[in-house]
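Please open the model in your viewer and keep the sequence panel visible beside it. The tour begins with the whole chain and then turns to a small part of it.

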Amino acid sequence: SDDLPNAFNDRNRATILDMISKFPQFKKMFKFIWMSYGSSSDLLYKFEGKIRAILKSSNGVKQGDPLALFLFALSVQPAFQLANTVPGVTAVAIADDIEIIGEPEKAFKALDIYQKKLDELGVNQKSPKKFVLWPHNSAPPTYLVRECEKRKIRLSAGGQTEEGEWIGGFEVILGVPVSLNVTAIREWLSEKIKGHSTFFQNLLNPHLSTKNALIMLRNVGVS
C-alpha cells in the first residue's frame, strides 16, 4: 500500500499541461485548463475578515478545484497502469493511494516498475505511510520480511499468541478493514458501532439546537 505524500501540491503544472495536450479527447478542454494552470494565481490569506497576505500558487493542482482530481490522476496514470502489467498482480488506485495485490515476489516487481515510472514523472515518493500487509494467519515468509527490511517498508504481519497461534496482520485500507484475523475485524467494527451510537445519542439530545444538529450532520457528511 502506498500513499503519495503531498501529492496534489507536488505535481509540476507544465508536466500536467503537456500530458493533457497529448490526449485528443481533451482537446476542447485544453484552453479552459490552461486558463487555470497556465500561469500562477493568487491565494488570499484572510484573518478576521481582512486580507492579510497574497501568496502565489504556481505548482500542483488547486484545492477545491473540480479539475484537481482529474488532472492529478491523469498526470500519474502511466505509473499506475504499469503496476498492472505484471502477471498475477492487481493494482488498484484511488487518487494518490495505490494498493498492489499479489504474491510477494510479483508484488515487489510491480512496485519497482511503478516507482521507477514515478521517478521519471518527478513524483515525490518519500512517504511514511507505505506498508506491506500480510493478512494470513500464518507467519510471513522470510523473503517478505527481508524485502521489507531492505526497502525500509513497514510490515503489518500480526504476531504469535501465547498459545503459539499466528494471527494475521490488520490494516484499514481506503476505509475498509482488511485481514484474515476475524477477531481484529470484529473489534474494529464494534468500535465503529459504538462511535455511531454515541453520535446519535448526542444528536437526540433534547437540549441540542437545530443549528448545532445540522453542523454535526454536515461534519459526518449526512446533510
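The following stops describe what to select and what is found there.

**The whole protein.** Select everything and display it as a cartoon; the model is a predicted one. Eight helices and eleven strands make up its secondary structure. Reduce the display to the C-alpha trace, which spans about 65 × 60 × 35 Å along the principal axes. The radius of gyration of the protein is 22 Å, whereas a compact globule of 223 residues would have a value near 17 Å.

**Surface and interior.** Switch to a surface display. The accessible surface amounts to about 14,600 Å², and carbon and sulfur atoms contribute 57% of this area. What share of the 223 residues is buried? Buried residues account for 33% of them. Among contacts with a separation of 6 or more, 52% join residues that are 24 or more positions apart.

**Charges.** Select the charged residues next: there are 28 positive and 23 negative charges, and their mean positions lie 11 Å apart.

**A hairpin.** Now select residues 90-94, strand β4, together with residues 97-101, strand β5. In which sense do these two strands pair? The pairing of β4 with β5 is antiparallel and runs over five bridges. Zoom in on A93, whose bridge partner in β5 is I98. While viewing the strands, recall that side chains in a regular strand alternate between the two faces of the sheet.

Finish at the turn of the hairpin. Two residues lie between β4 and β5, and A95 adopts a positive phi near 55° in this hairpin.

Conventions
Residues are numbered from 1 along each chain as its sequence is written. This is a predicted model: local features need pLDDT of at least 70, side-chain atom pairs count only at pLDDT 80 or more; totals for chains, interfaces and linings use all residues. Side-chain values use heavy atoms; hydrogens and water are left out. Helices (H or I, at least four residues) and strands (E, at least two) are DSSP runs, numbered from the N terminus. The radius of gyration is taken over C-alpha atoms; the globule rule is 2.2 Å times the number of residues to the power 0.38. Buried means under 20% relative accessible area, exposed over 50%, partly exposed in between (1.4 Å probe, protein chains only). Contact means heavy atoms within 4.5 Å. Accessible areas come from the Shrake-Rupley method with a 1.4 Å probe; for residues, only the protein chains shown count as cover. Lys and Arg count as positive and Asp and Glu as negative; His and the chain ends are not counted. The place of a charge is taken as NZ of Lys, CZ of Arg, CG of Asp or CD of Glu. Two strands pair if DSSP finds at least two bridges between them.
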